[in-house]
Amino acid sequence: MRAEDLDWHRFADSHKLADALASQIASDLNQALGERGSASLAVSGGSTPLALFNALSSIDLDWSRVTVLPVDERWVDEDDAQSNSRLIRQQLLRECATAARFISLKHPTSQPQAAQEACNARLATLEQPLDVVVLGMGLDGHTASLFPDAPELADALASTRCCHALSPASQPTARMSLTPALLNAARRRVLHIEGEDKRQVLDAVLADPQALRYPIAMALTAEAAAPLQIYWAA
Ligand SMILES: O=C1O[C@H](COP(=O)(O)O)[C@@H](O)[C@H](O)[C@H]1O
């Protein structure tokens with residue numbers, strides 16, 4: 001696959017991107033509510049989605065029938081500044097979106113490996129496939145918490161379950177990540193990246209799409225349920 005074969009949505013800045021992506025997500029969620037009575041949205045953590053969360057939280061839809069969950073979690077307390085759950089609760093589940101149901105990946109175990117069964121059981125209550133998945137990407141090519149230097153990466157990529165625990169050597173905390181099996185089955189799949197440096201990483205991935213070196217390559221598979229849309233801002 002080449003960069004020009006992907007479904008690119010390019011924006012001059014993060015705010016224009018956030019407004020456009022929030023409108024598309026709201027439209028997808030409304031369609032799901034109309035067709036199935038409920039909707040689901042899996043979002044990334046980190047710093048990139050802040051403007052998106054802000055734009056989405058001000059959109060009026062029936063959030064009480066929407067389930068929101070993180071695509072990954074850092075194994076810290078949910079009130080820790082590093083917690084993706086905390087970020088989503090504080091920045092997305094407010095204003096119009098306060099009523100959304102939230103599914104956390106965090107469990108009270110010291111390591112995520114001990115919570116993998118319980119986390120998979122919790123996720124099994126979700127209606128599948130997910131309606132919308134918004135992935136991010138790090139400069140090392142990781143997406144969700146599928147890190148290139150995690151010993152569990154190959155197992156997570158091959159898993160048929162919903163989530164997998166990983167311990168990336170580069171990260172201060174272990175992680176829980178949704179798996180490609182769940183992420184790639186979504187009705188809408190978006191990769192939200194910003195900056196020239198991340199665009200160059202994506203170019204490198206396309207030139208050498210080995211999933212273990214660049215875990216984001218798992219999202220570029222032709223076997224996914226929907227094409228991957230790239231939302232990029234300079
Ligand atoms: O650690 C994480 O990093 C990625 C990328 O984060 P960003 O700060 O570069 O936007 C993120 O997508 C993931 O959810 C998060 O846990």
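**Entry 1: overall size**

I began with the overall dimensions: a compact globule of 234 residues would have a radius of gyration near 17 Å, and the chain has 16 Å, which agrees. The radius here is taken over C-alpha atoms, and the globule rule is 2.2 Å times the number of residues to the power 0.38. I note at once that this is a predicted model, in which local features need pLDDT of at least 70 and side-chain atom pairs count only at pLDDT 80 or more, while totals for chains, interfaces and linings use all residues. Residues are numbered from 1 along each chain as its sequence is written.

Along the principal axes, the C-alpha atoms fill a box of roughly 45 × 40 × 30 Å. I then looked up burial, and 43% of the 234 residues count as buried; a residue is buried if 20 or more other C-beta atoms lie within 10 Å of its own, exposed if 12 or fewer, and partly exposed in between, with C-beta atoms placed from the backbone. For contacts I used C-beta atoms, again placed from the backbone, within 7 Å. Among contacts between residues at least 6 apart in sequence, 71% join residues at least 24 apart.

**Entry 2: secondary structure and the record**

I find seven helices and ten strands in the chain, where helices (H or I, at least four residues) and strands (E, at least two) are DSSP runs numbered from the N terminus. The UniProt record, an unreviewed entry, annotates residues 13-221 as "domain: Glucosamine/galactosamine-6-phosphate isomerase"; such annotations may be inferred rather than shown by experiment. In the model, the end C-alpha atoms of residues 13-221 lie 28 Å apart, and the span is 33% helix and 16% strand.

**Entry 3: the sheet**

In which order do the seven strands of the open sheet lie? I read the order as β1-β10-β9-β6-β2-β3-β5, with parallel pairing, and I count two strands as paired if DSSP finds at least two bridges between them. The edge strands are β1 and β5 (101-102), each of which pairs on one side only.

I then followed the sheet from the β1 edge. Strand β1 (residues 7-11) runs parallel to strand β10 (residues 228-233), to which five bridges join it, and H9 has Y231 of β10 as its bridge partner. Six bridges pair β10 with β9 in the parallel sense, I193 being matched with W232 in β10. Between these two strands in the chain I looked at helix α7 (residues 196-207), which with β9 and β10 makes a right-handed β-α-β unit; right-handed means that, with the strands pointing away from the viewer, the path from the first strand over the helix to the second runs clockwise.

Further along, four bridges join β9 to β6 in parallel, and L135 has L191 of β9 as its bridge partner. β6 also pairs with β2 in the parallel sense, over three bridges, with V132 of β6 as the bridge partner of L41. Five bridges join strand β2 (residues 39-43) to strand β3 (residues 66-70), and they too run parallel; A42 stands opposite L69 in β3.

**Entry 4: buried parts**

Is strand β6 (residues 132-135) covered on one face or both? Both are covered, since V132 and V134 on one side and V133 and L135 on the other are all buried. In a regular strand the side chains alternate between the two faces of the sheet.

The largest nonpolar core has 67 residues, of which L41, V68, V133 and L135 touch the most other members; such a core is a set of buried Ala, Val, Leu, Ile, Met, Phe, Trp, Tyr and Cys residues joined through C-beta atoms within 7 Å. I looked up V68 in particular: leaving aside neighbours within four places in sequence, V68 is in contact with L41, V43, I88, L92, L93, A100 and F102.

In helix α2 (residues 50-57), the buried residues are A51, L52, F53, A55 and L56. What covers them includes α1, α3 (84-91) and β9 (188-194).

**Entry 5: two less buried residues**

A118 lies in helix α4 (residues 116-123) and is exposed, because 12 other C-beta atoms lie within 10 Å. The C-alpha atoms of A118 and H107 are 7.9 Å apart. L206 in helix α7 counts as partly exposed, with 17 C-beta neighbours inside 10 Å. I also noted M1, 205 residues from L206 along the chain, with the two C-alpha atoms separated by 6.3 Å.

Notes: Contact = placed C-beta atoms within 7 Å.
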